Structures are given as C-alpha cells and as structure tokens.
Amino acid sequence: MAGTKTVDFQDYLPTMADKLGGEGLIGELCNGFQLLMDQEKGLITFESLKRNSAHLGLQGLSNDELRSMLREGDMDGDGALNQMEFCVLMFRLSPDLMEESEIWLEDALQQEFKHHG
C-alpha cells in the first residue's frame, strides 16, 4: 500500500503540466518547495520534509523513505534540498515528465529569446 502514495503523486505531475504548461508547472513546484522548506534555512531538511510532508500527501512515508528521497535529490551533498534540487527530483520521479520536459525547455528558451531578443 505504501508504494501507491508515490505513484499517485507522480501521476499528478503530467496532468498539472498539461493544465499549467511548463512555466506554470515550475511555478507550482516552487510553491511546493516553499511548503516543504525550513523557513530559516531556505532549504528542505529532513525535519522540514517530515513536518510538512502531509501537504504533498506523503505523510505515510517512513523516516527511511523520507531520508532516501532527500539523498536522491541532494546533488551538492549538504544533506538538504535547495529549490533547484527539489525541482530536478520532482521531474526525475515522474518518467512521463522527463520525456515532456525537453519540449518545455525548448519552448521556455524560445519564449525567453522572444522576450529578450
């Protein structure tokens, strides 16, 4: 039963992406980061993830599963997730999004060039 929570969570990202577009999805991921982060440190720590995980429907995850999630996303080895690490982790947890993210990246870059070009 524990595995279904992660699958349910993953399944929402492609739906959110379809509704919001790439830029909107990134905005929502940033909001998710804000919900989970330690307000003083500006990072998602184990303690802040455990305290706020219910916001993402992850309250059923064990301490080991939460630590594993942090380790998987922690690219700089500081034991916490910054906003970029969190967004990358969310994309990595959703295989469907990984395929579509290249398209969004191209669209976002084209939009950026139009605005600044």
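Tutor: Two residues are in contact when heavy atoms of theirs lie within 4.5 Å. Keep that in mind as we look at this predicted model, where local features need pLDDT of at least 70, side-chain atom pairs count only at pLDDT 80 or more, and totals for chains, interfaces and linings use all residues. Residues are numbered from 1 along each chain as its sequence is written, and side-chain values use heavy atoms, leaving out hydrogens and water.

Student: Let me begin with the overall build. How many helices and strands does the protein chain have?

Tutor: Helices (DSSP runs of H or I, at least four residues) and strands (runs of E, at least two) are numbered from the N terminus. Here the protein chain has five helices and zero strands, so its pattern along the sequence reads α-α-α-α-α.

Student: And what share of the residues count as buried?

Tutor: Buried means under 20% relative accessible area, exposed means over 50%, and partly exposed is in between, using a 1.4 Å probe and protein chains only. Of the 117 residues in this chain, 35% count as buried.

Student: Contacts can also link distant parts of a sequence. What percentage of them join residues at least 24 apart?

Tutor: Taking contacts between residues at least 6 apart in sequence, 44% join residues at least 24 apart.

Student: Can we try single residues? Where is T45, and is T45 buried or exposed?

Tutor: T45 sits in the loop between α1 (2-36) and α2 (46-52). With a relative accessible area of 6%, T45 is buried. Setting aside residues up to four places away in sequence, T45 touches D38, L70 and A80.

Student: L43 is in that loop between α1 and α2 too. Which residues is L43 in contact with?

Tutor: Beyond the neighbours within four places in sequence, L43 is in contact with F33, M37, D38, S48, D78, A80, L81 and N82. Take F33: ten residues separate L43 and F33 along the chain, and their C-alpha atoms are 8.3 Å apart. L43 counts as partly exposed because its relative accessibility is 22%.

Student: D78 is on that contact list. Where is D78 found?

Tutor: D78 belongs to the loop between α3 and α4. At 43% relative accessibility, D78 is partly exposed. Apart from residues up to four places away, D78 touches L43 and E85. From C-alpha to C-alpha, D78 and T45 are 9.6 Å apart, although 33 residues apart in sequence.

Student: What lies 3.0 Å from a polar atom of the D78 side chain?

Tutor: A polar contact is a pair of N or O atoms within 3.5 Å; within protein, one must be able to donate a hydrogen and the other to accept it, and residues adjacent in sequence count only if both atoms are side-chain atoms. For D78, the partner is the backbone nitrogen of A80.

Student: Now its contact E85. Which backbone nitrogen does the side chain of E85 reach?

Tutor: That of D76, at 3.0 Å. E85 is in helix α4 and counts as buried, because its relative accessibility is 4%. Not counting residues up to four places away, E85 touches G73, D74, M75, D76, D78 and A80.

Student: Which other residues of α4 are buried?

Tutor: Besides E85, they are F86, C87, L89, M90 and F91. The N-terminal end of α4 is capped by N82, with a side-chain oxygen 3.1 Å from the backbone nitrogen of M84.

Student: How many cavities of 30 Å³ or more are there in the whole structure?

Tutor: A cavity is a set of points on a 1 Å grid over the protein atoms alone where a 1.4 Å probe fits but cannot get out, and lining residues have an atom within 4 Å of a point. Points are joined across faces, edges and corners, and the volume is the space filled by probe spheres set on them. The search finds one here, with a volume of about 40 Å³.

Student: Which residues line the largest cavity?

Tutor: They are L36, I44, L49, M69, L70, L81, F86 and L89. The elements giving two or more residues to this lining are α3 (63-73) and α4 (83-92).

Student: One last residue: is L58 buried or exposed?

Tutor: L58 is buried, at 3% relative accessible area. Its place is the loop between α2 and α3, and, beyond neighbours within four places, L58 is in contact with S53 and M69. M69 also lines the largest cavity.

Note on methods: 1 Å grid on protein atoms, 1.4 Å probe; cavity = no way out; pocket = protein on both sides within 12 Å on 5 of 7 lines; lining within 4 Å.
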